[in-house]
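Trainee: Got a minute to walk through this fold with me? I'd like to get my bearings before I get to the bench.

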Amino acid sequence: MRAVALAAAIAATAVSAVASAAPISGYQGEQENATHVNLGWNSAPALELAYGRAIPMERLVRRLDLEIGLTLPVFLVPALDSFRLEPAARATLLQHGGWGLAGRLGLPVQTGDNQTFRFVSVGAHPGLAGGYFQRGWFIALEVEYTAILSTYIAASDRARATYEGIRDGFYAPTGGYIDASLAFGLSIGSSVELGLRAGYRSTHGLEPPPLVPFRAEVGVSYAFGTSAAAPPREITQ
């Protein structure tokens with residue numbers, strides 16, 4: 001039991017080292033391809049690189065955006081080197097005039113190691129963004145939840161010598177985080193979009209995480225290719 005509690009605590013701390021973040025922009029683009037770069041603080045200093053491709057849809061939503069993102073520390077922390085890969089899908093669910101609601105679901109896979117353990121975790125990352133989306137700019141309130149579904153932990157020789165009975169293996173569940181942020185985007189021409197995001201993070205128990213709970217990011221996106229869908233329009237039943 002002591003080993004299980006220790007492993008769960010280690011995994012929960014590890015998750016906060018490199019936080020998941022969706023590209024700031026991407027709600028408004030009309031071209032079929034987009035590349036995204038986010039830089040900032042999201043529980044730790046991190047850089048996110050992402051690629052998205054839009055698929056036109058005729059029913060339910062106007063278009064579906066499929067994304068793949070890689071998140072890594074800007075400054076590799078000696079205590080924990082952690083990297084995150086996240087495939088995701090995003091779509092505008094409702095739109096009336098300039099007001100809209102977008103949904104996103106990601107499936108993050110994170111890996112890392114330090115002097116005590118190595119880990120690989122898998123999770124689910126749903127989110128909603130509601131706000132005002134106008135051609136050329138948007139402002140939205142984003143709410144995201146990152147659930148860690150399962151984590152595999154491999155202890156080092158140092159950990160085995162310190163904690164009697166510690167075992168390698170899968171541990172689930174190992175916690176989660178809630179993010180609430182305000183995002184703003186501004187288009188420059190037809191291909192470039194700048195984004196800003198600021199917010200707060202708490203655990204699923206509404207407690208601050210072990211590291212600094214605030215997030216602040218700046219992002220830039222570049223879209224290219226043919227138009228993936230008609231300009232934004234009201235979605236009716």
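Mentor: Sure. Helices and strands here are DSSP runs, with helices at least four residues long and strands at least two, numbered from the N terminus. Keep in mind that this is a predicted model.

Trainee: OK, so in what order do the elements of the protein chain run from the N terminus on?

Mentor: Start with the tally: the protein chain has two helices and 12 strands. A helix leads, and the other helix comes after a run of β elements. Written out, the order is α-β-β-β-β-β-β-β-β-α-β-β-β-β.

Trainee: Which residues make up the largest nonpolar core?

Mentor: As a rule, nonpolar side chains in soluble globular proteins tend to be buried together. In this chain, buried residues make up 47% of the 237 residues. Strands S7 (117-134) and S8 (137-155) each give two or more residues to the core. The six members are Ile24, Ala129, Phe133, Phe138, Ala140 and Ala183.

Trainee: How many bridges join S7 to S8?

Mentor: Those two strands form a hairpin with two residues between them, where Gly136 has a positive phi near 100°. Along the pair, Gly131 has Ala140 in S8 as its bridge partner. The strands run antiparallel, and the bridge count is 16.

Trainee: And which residue in S10 stands opposite Trp137?

Mentor: S8 also pairs with S10 (residues 176-188), antiparallel again, over 11 bridges. Besides that, three bridges join S8 to S9 (residues 169-171), where Tyr152 faces Phe170. Back in S10, the residue opposite Trp137 is Leu186.

Definitions and conventions. Residues are numbered from 1 along each chain as its sequence is written. This is a predicted model: local features need pLDDT of at least 70, side-chain atom pairs count only at pLDDT 80 or more; totals for chains, interfaces and linings use all residues. Side-chain values use heavy atoms; hydrogens and water are left out. Buried means under 20% relative accessible area, exposed over 50%, partly exposed in between (1.4 Å probe, protein chains only). A nonpolar core is a set of buried Ala, Val, Leu, Ile, Met, Phe, Trp, Tyr and Cys residues joined through side-chain atoms within 4.5 Å. Two strands pair if DSSP finds at least two bridges between them.
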